[in-house]
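Visitor: Before we look at any detail, I would like to hear the reasoning behind each label and not only the label itself. Could you take me through it step by step?

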Amino acid sequence: MVVAEVPKLASAAEYFFKMGVEGKRFRPTVILLMATALNVQISKPASEGVVDMFPTELRMRQQSIAEITEMIHVASLLHDDVLDDADTRRGIGSLNFVMGNKISVLAGDFLLSRACITLASLKNTEVVSLIATAVEHLVTGETMQMSTSAEQRSSMDYYLQKTYYKTASLISNSCKSIALLTGQTAEVAMLAYEYGKNLGLAFQLIDDVLDFTGTSTSLGKGSLSDIRHGIVTAPMLYAMEEFPELRSVIDKGLDNPVNVDLALEYLGKSHGIQRTRELAAKHASLASAAIESLPENDDEDVQRSRRALIELTHRVINRTK
Amino acid sequence: MFIYRGICRISKTAANYNRCRWLYSSASHQQLSHYSRFTSPISTSHEVLGCRVNNFLISRPFSSGGPQPSYEGSSINDPVDPFSLVADELSIVANRLRAMVVTQVPKLASAAEYFFKMGVEGKRFRPTVILLMATALNVKISKPTSEGVVDMFSTELRTRLQSIAEITEMIHVASLLHDDVLDDADTRRGIGSLNFVMGNKISVLAGDFLLSRACITLASLKNTEVVSLLATAVEHLVTGETMQMSTSSEQRSSMDYYLQKTYYKTASLISNSCKSIALLTGQTAEVATLAYEYGKNLGLAFQLIDDVLDFTGTSTSLGKGSLSDIRHGIVTAPMLYAMEEFPELRTVVDKGLDNPENVDLALEYLGKSHGIQRTRELAAKHASLASAAIESLPENDDEDVQRSRRALIELTHRVINRTK
């Protein structure tokens with residue numbers, strides 16, 4: 001799907017879809033599981049023994065959602081790396097580092113337009129609207145991150161909103177799209193949305209914790225890349241609630257390593273890490289609850305997928321990297 | 001009577017174009033319907049005459065709020081001015097566009113609004129074509145029915161068509177924002193480019209924001225074929241820009257490659273928008289194709305003349321233009337024709353146009369060749385293909401339809417006769 005007439009563009013666009021560099025493929029996994037969980041199965045042989053070799057058309061349409069979501073996600077990565085002057089991504093040189101900012105911007109645009117074309121082919125304008133909104137949210141979230149005032153940077157509400165935009169919106173709207181494509185009720189669509197949203201939020205909150213703790217449970221072994229970029233995340237925000245003086249340290253500027261160390265000290269004394277884990281766990285169980293509220297279904301595959309989705313909510317909060 | 005929501009805004013419309021060459025006449029302050037301005041004294045059978053040159057004004061600084069003198073009715077031989085024909089509606093579109101790029105995040109809002117601000121909207125060429133096409137295909141701004149009740153249905157349809165104009169403009173501006181990042185441009189539309197003023201990051205984001213807004217608006221039209229067409233146009237913009245960035249020497253000497261790139265970069269958006277208009281109004285596939293052909297040929301003609309003007313500027317002789325294409329190593333139609341006549345020119349070009357000596361040498365060859373003339377001829381050919389497409393539209397006696405069609409044809413003439 002990312003083949004283009006222009007070779008340079010093609011290799012740019014394909015960059016992150018190459019074998020070995022696809023990332024965890026987290027989003028497509030969730031989306032495909034959700035499709036099964038909502039009782040749209042890969043077709044099975046009919047009772048006469050005739051094997052239906054091809055997935056149903058509906059299944060293919062839902063696979064398209066997974067593809068679209070991944071294209072949008074990669075497009076946002078390409079643009080983000082330009083914005084952040086990043087050198088590496090997914091363990092290899094970032095595209096902008098290897099090929100330049102120009103081609104990265106273009107490749108991102110290309111993926112976005114391909115995503116739109118694929119979206120259009122689904123002939124469901126509500127889905128187009130949802131996914132387009134998710135793209136807008138990605139942009140809004142990134143801008144919120146770039147342009148925070150000191151006031152906003154200390155606000156948990158602002159942070160959660162930004163996190164929703166940047167991380168959760170795409171996956172939640174994709175899940176909802178799956179439901180819509182299956183012709184589910186508005187209630188089921190909302191449950192799918194809630195699953196995606198809470199899963200995404202839980203994921204990001206643990207991400208924030210791991211940035212401090214790394215693979216150990218104690219502080220300071222993580223990459224600390226957020227704090228070093230002046231990005232104040234949930235653990236630090238909680239710490240600021242406990243130690244108001246921490247805020248002045250942060251306002252002084254986290255580009256100064258002395259302030260970073262001081263901030264980490266405060267964090268260590270506070271319950272910031274723990275409270276963030278608790279918040280993540282809360283969102284994870286909201287996600288689980290959404291799955292459990294889905295209409296009953298006896299089918300084996302459906303039940304298995306639902307259990308898998310619930311398992312994901314556990315893994316998201318128990319992972320160590 | 002159809003009340004123009006924009007009437008109060010029209011009086012405040014002050015276009016301050018540094019590079020815009022079209023007269024943008026504002027409506028009179030009278031609360032007249034759009035049509036009464038044109039029922040007299042202009043005879044409907046008058047075709048375009050030779051007084052076009054009146055409409056090519058150097059832009060004057062306009063004080064805000066001042067109404068512009070209308071050129072309608074100043075002579076019985078006045079040609080149909082495409083831009084004044086849709087000026088009122090354009091204001092409505094422009095204002096909606098501005099409202100649409102408002103967002104929660106102020107920094108993003110000011111970035112996105114950057115090019116929609118009063119005075120910086122550019123020539124608004126595309127929206128003009130789109131709105132004219134809408135009327136030419138017989139979709140009217142609603143008129144009072146005989147009972148005096150406004151026909152709401154056609155208003156809704158008209159609003160949808162105006163959306164196409166808005167979407168097209170958002171896509172166009174998004175591409176400008178990204179292009180300026182790509183080109184490290186300092187200025188655009190006579191003011192500091194956004195990336196120059198606010199940085200590359202916000203320009204990339206603002207471009208993405210506009211694109212996503214365009215997609216949302218597209219989705220609201222609930223016509224997935226239109227979504228598909230315009231998404232394809234976005235892809236073409238990207239492809240065209242990449243083609244321009246990454247040409248091999250072989251490709252750079254190829255007229256076919258150049259025309260393909262030009263289609264992608266310039267003509268695809270306008271052609272697919274025109275086709276979208278036809279689709280939204282439920283026209284036949286044949287009419288949709290004619291609309292597409294009009295847009296495509298108009299766009300190509302426009303770009304070819306753009307290429308000429310980059311060499312000639314306001315004079316008909318060489319070298320008075322800004323020469324920005326050639327200085328950026330972009331080989332355009334006139335130079336390609338010259339290379340056909342003088343194969344040795346290709347070696348000069350391959351040596352590298354970042355060297356001013358080579359540029360001068362190339363210009364010499366161009367002067368000796370028929371490059372400029374042949375490009376003009378090609379442009380004229382595309383312009384008349386565009387005209388022909390309009391003339392092939394199904395017959396329609398309605399005055400407004402005929403007037404819009406004449407205006408569209410008038411545009412094809414202006415595009416090739418303009419001097420800047």
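Guide: In this predicted model, the salt bridges over all chains come to 24, and two of them are found across the interface of chain A and chain B.

Visitor: What makes the pair B:Arg213 and A:Glu136 a salt bridge?

Guide: The side chains of B:Arg213 and A:Glu136 are 2.8 Å apart, N to O, and the cut-off between a side-chain nitrogen of Lys or Arg and a carboxyl oxygen of Asp or Glu is 4 Å, so the pair is counted as a salt bridge. This pair crosses between chains, from helix H8 of chain B, where B:Arg213 lies, to helix H6 of chain A, which holds A:Glu136.

Visitor: Why is the pairing of B:Glu235 with A:Arg114 called a salt bridge?

Guide: The closest N and O atoms of B:Glu235 and A:Arg114 are 2.8 Å apart, which is within 4 Å, and therefore the rule is met. Across the interface of chain A and chain B there are also four residue pairs in polar contact, with both residues at pLDDT 80 or more.

Visitor: Which elements give two or more residues to the side of chain A that touches chain B?

Guide: They are helix H1 (7–14), helix H3 (57–84), H5, H6 and helix H8 (156–181) of chain A, and H6(A) gives the most, with 13 residues. By class, that side of chain A has 18 nonpolar, ten polar and nine charged residues.

Visitor: How many residues are in contact between the two chains, and what area do they bury?

Guide: In chain A, 37 residues are in contact with 37 residues of chain B, and the two chains bury about 3500 Å² between them, of which 72% is on carbon and sulfur atoms. One of the residues to look at is A:Ile117, placed in helix H5 of chain A, which touches B:Ser228, B:Ala231, B:Thr232 and B:Glu235.

Visitor: Why is the space of about 170 Å³ called a cavity?

Guide: A cavity is a place where a 1.4 Å probe fits but cannot get out, and the largest cavity, with about 170 Å³ of space, is counted by that rule, so the name applies. Of the 21 residues lining the largest cavity, the closest to its centre are A:Leu112, A:Ser113, A:Cys116, B:Leu211 and B:Cys215.

Visitor: What classes of residue make up the lining of the largest cavity, and which helices supply them?

Guide: The lining has 17 nonpolar, two polar and two charged residues. At least two lining residues each come from helix H5 (101–121) and helix H6 (125–146) of chain A, and from helix H8 (200–220) and helix H9 (224–245) of chain B.

Technical notes. Residues are numbered from 1 along each chain as its sequence is written. Chains are lettered from A and ligands numbered from 1 in the order in which they are written. This is a predicted model: local features need pLDDT of at least 70, side-chain atom pairs count only at pLDDT 80 or more; totals for chains, interfaces and linings use all residues. Side-chain values use heavy atoms; hydrogens and water are left out. On a 1 Å grid over the protein atoms alone, a cavity is a set of points where a 1.4 Å probe fits but cannot get out, and a pocket is an open set with protein on both sides within 12 Å along at least five of seven lines; lining residues have an atom within 4 Å of a point. Grid points are joined across faces, edges and corners, and a volume is the space filled by probe spheres set on the points. Helices (H or I, at least four residues) and strands (E, at least two) are DSSP runs, numbered from the N terminus. Ala, Val, Leu, Ile, Met, Phe, Trp, Tyr, Cys and Pro count as nonpolar, Asp, Glu, Lys and Arg as charged, and the others, Gly among them, as polar. Contact means heavy atoms within 4.5 Å. Buried area is the accessible area (1.4 Å probe) that two parts lose on being put together, summed over both. A polar contact is a pair of N or O atoms within 3.5 Å; within protein, one must be able to donate a hydrogen and the other to accept it, and residues adjacent in sequence count only if both atoms are side-chain atoms. Lists of a residue's contacts leave out its neighbours within four places in sequence.
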